[in-house]
Amino acid sequence: MNDYKPKLLIVEDDPGLQAQLKWAYPDFSVIIAGDRASALAALRAEMPPVVTLDLGLPPDPDGTSEGFAVLDEIMALKPDTKVIVASGHGARESALQAIARGAYDFYQKPVDIETLGLIVQRAYRLHQIEAENRQLASKSDHGNQVLGRLITGAPEMVKVARTIERVANTNVSVMLLGASGTGKELLARGLHEASDRAGGAFVAINCAAIPENLLESELFGHEKGAFTGAVKTTEGKIEQAQGGTLFLDEVGDIPLPLQVKLLRFLQERVIERIGSRKSIPVDTRIVCATHQDLEAMIAAGSFREDLFYRLAEIVVKIPSLAERPGDAGLLAKAFLARFAREMNPQVKGFAADALAAIDAWHWPGNVRELENRVKRAVIMSEGKLVGAADLDLADKELEDDDVLNLKSAREETDRRVIRHALARCEGNISNTAKLLGISRPTLYDLLKQYDLHA
């Protein structure tokens, strides 16, 4: 029988409210603190995942200065703590300031026990999910990454990795579909390293980056004297990948005449260098990727249908970074650790506003954009912590006035957590409700309210 109860630290100086809150949450082991010193002592000793914090603490019970000082110290000591701030002083201004300083949520007094309890439950569930993601990241740092070097805690991306692992030791051609910057080459390399061809070469070529008149030579090689400038016989990328894997990135950019020659290789497994009539057998596995709609290109006559079916025996769709809950934070921390080690050792981590901005940003450039922003921020940072301004993300989440509404911000967090829980439970409503700590009817109401589908 499991009697474990998660810890909840309540920082409140009113003795009557202390007594009321101590027994209001039977699912938690409640710790009470009445001032800054006792609150920070309890934080260090008990490490509670969730804290409710009254801003009006002595020696400033009628203001907010002492409460904000406690919030700042909690964020410095244990930034993953979910702090729910409560105050009756200047609610809107206090709320904005609390969220900017790293608080999870804001609650205006007088306290409603039931409503505050729901916020506490949500905060704890989110803390659990983030802790699981950090655990996955920690395993990755010790060589246990998903599919080689892929860092992820998102169920959507783990599913992609598992699919690639299952087909790694077959000889089927794999096509990776995804937006630019989603990590297609990393996944292709992971497929190669998980296969029985890992001892061979992994050769990558970006078909969009090479001029059309040079692409054939790059792929198939050429003989000495085959054309002006061909001063020696040169192997193409297909030959270089003998016994290994050839990754064709942006395969949709291969011109039609060259598509015919590539199709012949896939069918017969032989090539001819430019300027030669000698057939050379090559044992190379093809993995390709594109962000283009190849079926639309087939309909338009710019991509061969028979080549598509040769290349796309297995199709793997890669979700964007915005569709991978929690991954932006995991990847950002991994990038920061690497770049700080290489370029600016004084940088030790992210400030709370940076982590909030990373989580809120929609990352149109995907992982490549995230990597570039973190790299630039580490180089330019003058302090120990990288802030949202260093990432050029300061106030980006506030460009829309709706985001200033705390109810909207809270609803967006609910959506994200519910989607994550549904993914983990593979759409099972009972298991999802249990994971979230709510009843099935409540979950159904939330799904309807947020237009989500199991």
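Author: Before we look at H3 on the sheet, one definition: contact means heavy atoms within 4.5 Å. Keep in mind that this is a predicted model.

Reader: Okay, so which strands does H3 lie across, and at about what angle to E3 does H3 run?

Author: H3 lies across E3 and strand E4 (82-87), and its direction is about 160° to E3. For H2, the strands are E1 and E2, with an angle of about 170° to E1.

Reader: How do I read the sheet itself; what is the strand order?

Author: In general, strands of a sheet pair through backbone hydrogen bonds, either parallel or antiparallel. Here you have an open sheet of five strands, ordered E2-E1-E3-E4-E5, with parallel pairing. The edges are taken by strand E2 (29-33) and strand E5 (105-108); each has a single partner strand, so one side of each lacks a neighbour in the sheet. From one strand to the next, the twist averages 20°.

Reader: Over how many bridges do E1 and E3 pair?

Author: Four: E1 (residues 7-11) and E3 (residues 50-54) pair in the parallel sense. Take Val11, whose bridge partner in E3 is Leu53.

Reader: And the helix pair: at what angle do H2 and H3 pack?

Author: Two packed helices are described by the angle between their axes and the distance between the axes. H2 (residues 36-46) and H3 (residues 65-77) pack at about 20°, with axes 10 Å apart. Angles under 35 degrees count as roughly parallel, so H2 is roughly parallel to H3. Their crossing is right-handed. Among the residues making the contact are Leu40 and Leu43 of H2 and Val70 and Ile74 of H3. By class, that contact has seven nonpolar, no polar and four charged residues.

Terms used: Residues are numbered from 1 along each chain as its sequence is written. This is a predicted model: local features need pLDDT of at least 70, side-chain atom pairs count only at pLDDT 80 or more; totals for chains, interfaces and linings use all residues. Side-chain values use heavy atoms; hydrogens and water are left out. Axes are lines fitted to C-alpha atoms, for helices over the stretch in contact, and angles run from 0 to 180 degrees between N-to-C directions. Helices (H or I, at least four residues) and strands (E, at least two) are DSSP runs, numbered from the N terminus. Angles under 35 degrees count as roughly parallel, over 145 as roughly antiparallel, 65 to 115 as roughly perpendicular and the rest as oblique. A crossing is left-handed if the near helix is turned anticlockwise from the far one by less than a right angle, and right-handed if clockwise. Ala, Val, Leu, Ile, Met, Phe, Trp, Tyr, Cys and Pro count as nonpolar, Asp, Glu, Lys and Arg as charged, and the others, Gly among them, as polar. Two strands pair if DSSP finds at least two bridges between them.
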